[in-house]
Amino acid sequence: MTNKLICFFIFNAILFFTKAQNRTQDYAESLKKITDVMVYDVTSPVAASRNYAYICLVANEIYNLNPNKTPHHLSRKINNFPIYKRTILSTDSVNFNLAVIISMYKTAALLLPSQERLHNILDSLKNKYVIAGKSQEFFASQNLVDSFLTVFTEYVKSDRFQQLSKYPRYTPHYGAGYWKPTPPAYMAAIEPYWWQLRPFFNNNLKHIKTKPPAPYSNDKKSPFYQLCNEVFEVVNSKDTFKQNIADFWDCNPYKMNQMGHVEFGTKKITPGAHWLHITTILCLQQNLELSQMIYIHAIVALTLADAFIATWYEKYLTNRVRPETAIRALMDPHWKPYLQSPPFPEYVSGHSVISHAAAIVLQHVFGDTIGFYDNSETDYGLPIKYFSSIRAAANEAAISRLYGGIHFKDAIENGRVLGQKISKKILKKINF
Amino acid sequence: MKLGLLTVFFLMCFQGFSQALFTKIPSDSSNLKFINTIPEDPNLNIITYEYYYNGGGVAAADFNNDGLIDLYFTANWLPNRLFINKGNFKFEDITIASGTGGRPGWKTGVSVADVNGDGWTDIYVCYSGDLDSNLRANQLYINNGNLTFTDQAAHYGINDKGFSTQAVFFDFDQDNDLDLFVLNHNIKDFRNFDAAYMKKIYDPYAGDQFYENLGTHFVNITQQAGIIANPLGYGLGIVACDINNDGWQDIYVSNDYVEQDYYYINNHNKTFTECLKSQFGHVSNFSMGLDIADLNNDGWNDILTLDMLPESNHRQKLLYNPDNYELYQNMLDNGFYHQLMRNMLHLNNKNGSFSEIGQFANLEHTDWSWSVLMADVNQDGFKDVFISNGYGRDVTNKDFVKFYANERLKYLNGTLNEKYFQILQTIQPVKLTNYIYQQNDNLKFKNKASEWGLSDSTISNGAAFADLDNDGDLDLIVNNLNQETFLYKNNASKHNQYSRVLKIILKSHSKNSDALGSKVTVFANNQQYTLDHIAVRGFQSSTITPLLFYIPNQSCDSIHIQWANGNMSKLYHHVMLPQSLTIYDTMYLVTRSPQPLNDKLYLSQSNTLPALPKHQNSSTNDFKIQPLIHTMFSKSNPNIISTDLNNDGISEFYICLGEHQTKHIYTIDNQQNIVPYKGFKEKNPDFNDVNAVFFDADNDGDLDLYIVCGVYANPNQFNQQDRFYENSNGTFVYKPKAIPIENLSGSKAIAYDFDQDGDEDLFVGSKLSPENYPVIPESLLLLNNGKGQFKKADPNTFTEFRYIGMIEDLALEDLNQDGIKELIVAGQWMPLKIYSFSNKIWQDVTNQYFSTSISGWWSKIALVDIDNDHNLDIIATNWGTNSLFKPTFKEPIRIYYADINKDSFMDPIYTQYFQGQEFPMASKDELTDQLSFLRQKFPNYTAYADAQIQNIFTTAQLNEFKILETNFLETTLFENSHGKFLPKSLPPQVNYAPITAVEIADLNNDGFQDIIMGGNIDNNRIRIGKIDALYGLILINDTKGNFVVSPANESGFFLKGNIKTLKKLYNKKQEFILVGINDDFFNLFTILNTHDK
């Protein structure tokens, strides 16, 4: 209850009820509703990052079809985007703010399993306009979106996602240093060929080099053993401060709870969704215009998607063991991490890469000193948290994985370097 | 035959009556008013205690010695109830007066036995639950002889405080008193543990406990006796009886979850040896109740364990997780055993091994099952099977697991327990119809629940059969959860004109006054009927009742009794039927004669074969490449091809091995040693050999060698290229240029003058398209230029041969006696095909020889004249009927294939029929993993649960599909009858597993050909599981072309593993069978009748 009050207070304090702010609020709400559907569907962090990228990209491109505005196109700056003639798209009677919202739901409906839920939201939106006598406005906007999406769908289809099924399913490597499925569900490794997808900005993410992980060793003096020991100690200390941090950034889209024959999953947003939500918070807090908000969300979403592709390349290049498996083999056969180990190799830490990648973009827009209240996780029973800067949030997100007992320190530190490199290249490329 | 006709007559009798076999007796009439009602609240539910819905048990015994069987029911939460039988299906509740209601706590199983040996039956009640240990002390109600009982568990030292499911009293040391096994379970969940460590722990509460009866009291000897008592045991079922027929009682324990079942062999010295892994191929995963009885009337006990696999497609689709190979391997790596979620019927092979044939018997899927009872309810001489089922709430529903639970949790308030409780309240109970299977001949079962009057839907747990009205048939009592208990009167005796009843009451003057644990075998009319007089079977239930035999004869020839104390009695005189006998363990005693040694073996296993390497599989997991296929095609080696190269009367043979294994030609010397043949050197081991053929390619009078290669996974130019070796004065010279370059995955080559130009050509059949199953591969016809130089035949001339199918085997025989042989082809997803040469072309003439199109997964063909009528019959081996695939002509299995997702690989969609309708085999997760666009069509499991192929795909996609069909999986003998091949059944055992090897030999020297077979396939997708019911098979020809199985203990042929090839070899003295087993060593058997050759 308190959480909700504070939340309400924050939003009221920083928002004026102007029309412009209603529009940005609409955008934020639509994104949130789409997030809810993704959470319901159990979307993996990488799949979610792809969904968000397309949704935010389409929103940006639609908004920039407005002939009366200076365009902030991204389409010319990303890989393989089809050239389409703006002139073939009719913009008569189009309400561009509405078209943006429609485009988000429609793009989400292209991508998410529960498209019916999205169609239902769109239907109620349509009904609102029809009842208000604004059918023409709605349908003109929707037609624009539909025409754009016919082009865009082909672009989506060519990103190689549909073809991932042709690759062999993952087989864990033989040897103690390699990733093995982890308890309790021993799920198969998620998306081992994700790095085959077309990135948005960098043509070849493989060329962004990352330091190799500390090699596996059972020698107590080895760096690897020390890294194990660090995770072991942190988790065993049961430090509630650190546990709270781990919980706050858990971002586990599917935690399996098992009690005998009864089992069920509990769900949270993905780390990418968390950082997009932080982007929303900052945009609203800084009172940005809708055009800017859409543009910044698109850049952050595309950056996150690229960062995930790069991370997944590194993960399935190194195939490193999770602390849970290593510590049980080397130190304590009964050891359990504080959080559930995610079902893919350890190195590098995705949280670290994508948090720092997003943070670089956001710092570029909002500066280094801006503080904010992060309420991204309140729906999942977690508190609102104040961060004094974007960088502080990224640092905490990264280190939270050590506190959770699911990452080694080198995966976190080298992940930070990788994430920062990725977004610096992007900022340079788009001249932002 | 006579038996069969009588059975038909008997069946007609029952179908003719309007009255069903069972009549439900309402409680208003019987006064059997009992409901096991369980409360549910935030602190008491399936999440706080995982066995909350396991329900109660039934005990049936004569507590007041009035000749009528009384009933006792356990209730988990409410008081237990004792009902005295007043005759004519009227009962009186004397719970309060008798003092048998039990204490507060969570009551589970009940066991009846005369524990103190005073001639009055006592009651032992088990307790469990997440409660204080004092509330879990089991109770022993000693019968005071006046329908009052006194709890003396503490006095006897058996107030066990574990989490008990059930207890069994039996005499494990033959000292004439009853010892006690207490079956316990853990109430904690272990998914996340160190297995090796946990297995070493002795857990007094979760681990099973064993108590020896010392006369005045019991003493716990769990560890001395060799009983496993680790915290991983989740014991749900136990039966103690003599399983290996050594006169001592053994134990089978069924365990839920990851710990496999236990099979304890009695060592005759107050200890047991657990030996499940060495005697069973695989077991139920979430094992629940079990029963042990002689199902096939061979005098040996068979074991049936229950699990939770539903029968309907709908419920299977809501339940199945995707196959997880790492999880399965993890289970094995941690020392657990092969376990699969379905009921398992373990047929006793009489030699310390069991064959699991639950699917052959049609007993595999009865949903959440609790009690299983094997008894001859319809009195036809064959035991039938009753299975109770149902569950308090449908918690394994995948939509609940993945979607509903989280959605609901979001909107609930309160403590975690309260929230969970509220979620649970919204999950529906699983009310099901119990199963009652009628056994037809040969272990085939058919569910008769509705016909026989058992169509009520409810949640049923413990159950018992007992003749409550002494009319000679078995009435049924079922304890239900939250619903009144069922009492079914059996009407069989009234209508039975087929068999006669023999009632035997066993007694003893010893402390084991009911002679519990004794085994009675009745011989009549060349049949035998065996019953074990044991008190505990099924689930949480117990009976002490007279033994009831139903003999389809006027009299019986003899009765043998193996007493629990080791003595043996035999009644040799004819006993006229019907009859009722009371026999004491001091009557008709005989000395136990030792089993005669079998001196009529057909085969004898030779020593180890040091010259032959072990076959090794590649580590490829084919399912990682094509996740929807049913089995791994890469595990089909090794192969043996034999000939006599130098015409010296001694076999030479080539052994096909896998990649990176050195291949060689071998010979067998007169000391039975297998030694390498000198004239052959293989330098490059990269090839994956599949088959080979010795033939005279260059017309120089000696045999050259063509070797067929092929792979399923990772095809490349090396591992698929066939090879040719020219025999040059006994030395084989590699001639790569003699044959064309090809990259086909071959299966078999056969040499013949296909173009009728006077030299030997080659037809090379292909097995499959690597990594692209089930695309029909191209097969090769290689034409000889007369000098041993081969080129591919013009595809336009030999069109018929190019895409015959997925070929497994080939044979040649002149079937129409025109001087040119016909080509016979066997393969997967196709009928046997026959091609004939006429008018200078090869034509498909299959229809001239087969009247119906029998499409199978044919693997081997053998031509043999079974009846010495001078024309050859065909033995064609097939997949068998002991798997989840059970096609018929009306309901075939199909595979729809196309590159639906345009990833340039085939997507094979298997379908099969469930209860009359065709459904895809793949679970939602498996299908949408392969075809990600379907995630939108099926956002949840319910949406997919009833989807048929035409609901899944668009019309355009459906048009894209090619379809293959298989309607017959039985290994079959096709008898040549005036130029037509007519299918003739072989003994049912040939269908217990896929047969993958066959050889012909006259094993008993009677001038008629006998058959040796081998099979099993372990490398199937997890849901199909290991099919390992065969240990080699000998079929003896009765000289009329009918075959009889010679069991392993009589034939001398017994091998574990996946037999891929059987080859008859000879030296100058003897004949041999060399056996090639996948991923294992070769084995050599001597054919014993050829000793005097």
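User: Which residues does Asp256(B) touch, leaving out residues up to four places away in sequence?

Analyst: In this predicted model, Asp256(B) touches Tyr234(B), Leu236(B), Phe286(B), Ser287(B) and Met288(B), once residues up to four places away in sequence are not counted. The criterion behind the word is that the C-beta atoms of the two residues, placed from the backbone, lie within 7 Å. For Ser287(B), which is 31 residues apart from Asp256(B) along the chain, the separation of the C-alpha atoms is 4.8 Å.

User: What makes Asp256(B) count as buried or exposed?

Analyst: The test is a count of other C-beta atoms within 10 Å, where 20 or more means buried and 12 or fewer means exposed. Asp256(B) has 26 C-beta neighbours inside 10 Å, and therefore it counts as buried. This residue sits in the loop between β15 (250-255) and β16 (262-266) of chain B.

User: How do you know to what extent β15(B) is enclosed by the rest of the structure?

Analyst: One applies the burial test to each of its residues: six of the six are buried, so β15(B) is largely enclosed by the rest of the structure. The burial extends to both faces, with Asp250(B), Tyr252(B) and Ser254(B) buried on one side, and Ile251(B), Val253(B) and Asn255(B) buried on the other.

User: Which strands are joined to β15(B), and what makes each of them count as a pair?

Analyst: A pair needs at least two bridges between the strands. Strand β14 (residues 235-241) of chain B is joined to β15(B) by six bridges, and β16(B) is joined to β15(B) by three; set against the threshold, both therefore qualify as pairs. Each of these pairings is antiparallel. Single positions can be named as well: Gly237(B) stands opposite Ser254(B), while Val253(B) has Tyr262(B) as its bridge partner in β16(B). The hairpin of β15(B) and β16(B) has six residues between the strands, and Tyr257(B) takes a positive phi near 60° there.

User: What makes β45 and β48 of chain B the edge strands of their sheet?

Analyst: The sheet is an open one of four strands, in the order β45-β46-β47-β48 (chain B), with antiparallel pairing. β45 (639-643) and β48 (674-676) of chain B each pair on one side only, and that is what makes them edge strands. Neighbouring strands of this sheet are turned against each other by 35° on average, direction ignored. Further in, β46 (residues 652-656) and β47 (residues 664-668) of chain B pair over four bridges in the antiparallel sense, and Phe653(B) has Tyr666(B) as its bridge partner in β47(B).

User: How do you know whether helix α5 of chain A has the span expected for its 17 residues?

Analyst: The expected span is 1.5 Å times one less than the number of residues. For the 17 residues of α5 (residues 115-131) of chain A that should come to 24 Å, and the end C-alpha atoms are 24 Å apart, so the two values agree. The buried residues of α5(A) are Gln115(A), Arg117(A), Leu118(A) and Ile121(A). After the helix comes Gly133(A), with a positive phi near 75°.

User: Why is chain A called as compact as a globular protein of its length?

Analyst: Chain A contains 14 helices and four strands. Its radius of gyration is 22 Å, close to the 22 Å that the globule rule gives for 432 residues, and the description as compact as a globular protein of that length therefore holds. Buried residues make up 50% of the 432 residues in the chain. Of the contacts in chain A with a separation of 6 or more, 81% are between residues 24 or more positions apart.

User: How do you know whether chain B agrees with a compact globule?

Analyst: A compact globule of 1093 residues would have a radius of gyration near 31 Å, and chain B has 31 Å, so the two agree. Its C-alpha trace spans about 100 × 75 × 60 Å along its principal axes. Buried residues make up 55% of the 1093 residues in chain B, and the secondary structure of the chain comes to 21 helices and 76 strands.

User: What does each chain supply to the contact of chain B with chain A?

Analyst: The contact takes 36 residues from chain B and 33 residues from chain A. On the side of chain B that touches chain A, α9(B) gives the most, with seven residues. By class, this side has 15 nonpolar, eleven polar and ten charged residues.

Methods: Residues numbered from 1 in each chain as written. Chains lettered and ligands numbered in written order. Predicted model: local features only at pLDDT ≥ 70, side-chain atom pairs only at ≥ 80, totals over all residues. Helix = DSSP H or I, 4+ residues; strand = E, 2+ residues; numbered from the N terminus. Axes fitted to C-alpha atoms, helices over the stretch in contact; angles between N-to-C directions. Rg over C-alpha atoms; globule rule 2.2 N^0.38 Å. Nonpolar A, V, L, I, M, F, W, Y, C, P; charged D, E, K, R; others polar.
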